[in-house]
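Student: Could you take me through one part of this model closely, looking at how its helices pack? I work at the bench, so please explain the terms as you go.

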Amino acid sequence: MDRKTKVKRPVTQTIAGILRAVAGTPDPKNFTSAVICAAGSSTRFGGDTTKQFVELDGIPVVVRTLLAYEAAACVHEIIVVAKEDEIPLYEGIKERYGITKLTRVVKGGETRQDSARMGSDEVDKRCRFVAIADAARCLITPAEIDKVCHAAYQWNAASAGIKATDTVKIVDTSAFIDSTPDRAYVWMAQTPQIFALPLYRAAAYACRDEGFKATDDNQLAEHIRVPVKMVACSRENIKITEASDLLFAHAVLEARRRAKEDNEA
């Protein structure tokens, strides 16, 4: 597909979509399934507890992520792809925290790429869009999720991200600088990464069959030459990777609490 090619939609459909986006309400036709990838081994995090179950201000990281997708207006269901030994834990989470959109928990694959694909195979038959997300991005907000959803509804593929503010260097195998890309065109990808379901499945299975290894789901779409719209989200939407990331996450939550108290005062 040519990068400049746009999907033509009827004018009435486009206007209706814009009005729904402004109102912050979901398009009932665009049933969206969130696939939360939580099957990682957390080797970089360290410790005996996987990072998705480490508590952040008294609540496990994965629960904070689930609560954000639960509150997102555009998300109709949630599927968790988990480590096999952690699957039984989610029934208690669903009940304790009121995660009503959680429809199933499935075993993950050998890689995150495998897990995301396997999760997409379990979506509701009404699903039209699939939102692939990291369980460890627990600071995402419902408003940001909806923002990326609306972009995906328009462009068929959209990803959360932030524009690069640092100068980025491309290096060789010996870590010597090879080139410096124009920062104006450099983005740091986040999740959710949201795709029309047929598009995502075509990309995921093509890459599986060709043995193509991707570092995120956008790269799957890129591999079959499908353009993905980047959507500016917050720098707070970090992925908990190392224990030190919890310090930043705690500071963000504290700042949000103070802001909420100030608004309510």
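Tutor: Happily; here is a walk through two helices and their surroundings.

This is a predicted model, in which local features need pLDDT of at least 70 and side-chain atom pairs count only at pLDDT 80 or more, while totals for chains, interfaces and linings use all residues. Residues are numbered from 1 along each chain as its sequence is written, and side-chain values use heavy atoms, with hydrogens and water left out.

To set the scene, the chain has eight helices and 11 strands (DSSP runs numbered from the N terminus: H or I of at least four residues for helices, E of at least two for strands). Of its 265 residues, 44% count as buried (under 20% relative accessible area; exposed is over 50% and partly exposed lies in between, with a 1.4 Å probe and protein chains only).

Let's begin with helix α2, residues 61-71, where nine of the 11 residues are buried. Among them are Val-61, Arg-64, Leu-66, Tyr-69 and Glu-70. The axes of α2 and helix α3 (residues 89-97) come within 11 Å and cross at roughly 55 degrees (axes are lines fitted to C-alpha atoms, for helices over the stretch in contact, and angles run from 0 to 180 degrees between N-to-C directions). That angle makes α2 oblique to α3 (under 35 degrees is roughly parallel, over 145 roughly antiparallel, 65 to 115 roughly perpendicular, and the rest oblique). Val-62, Val-63, Leu-66 and Leu-67 of α2 meet Tyr-90, Ile-93 and Tyr-97 of α3 (contact means heavy atoms within 4.5 Å). By class, this contact has seven nonpolar, no polar and no charged residues (Ala, Val, Leu, Ile, Met, Phe, Trp, Tyr, Cys and Pro are nonpolar, Asp, Glu, Lys and Arg charged, and the others, Gly among them, polar).

Some of these names return in the largest nonpolar core, which has 59 residues (a core is a set of buried Ala, Val, Leu, Ile, Met, Phe, Trp, Tyr and Cys residues joined through side-chain atoms within 4.5 Å). Leu-66, Tyr-69 and Tyr-90 are among the residues with the most contacts inside this core, as are Ile-36, Ile-78 and Val-80. Leaving aside residues up to four places away in sequence, Tyr-69 touches Ala-34, Ile-36, Val-75, Ile-78, Lys-101, Ala-133, Ile-140, Ile-145, Thr-191 and Pro-192. Another core, of 12 residues, lies apart from the 59-residue one and includes Val-54, Val-61, Leu-139 and Leu-253.

Now for helix α4. Seven of its nine residues are buried, including Gln-113, Asp-114, Ala-116 and Arg-117. The buried residues of α4 pack against β1 (32-38), β4 (77-82), β6 (129-134), α6 and α7 (217-223). The axes of α4 (residues 112-120) and α6 (residues 197-210) come within 10 Å and cross at roughly 140 degrees, and therefore these helices are oblique to each other. Gln-113, Ala-116, Arg-117 and Ser-120 of α4 make the contact, together with residues of α6 including Leu-197, Tyr-200, Arg-201 and Arg-208. The contact of α4 with α6 comprises six nonpolar, two polar and three charged residues.

Finally, look at the loop between β4 and α3, where Glu-84 sits. Glu-84 is exposed, with a relative accessible area of 53%. The C-alpha atoms of Glu-84 and Lys-107 are 5.3 Å apart in space, while the two residues are 23 apart in sequence.
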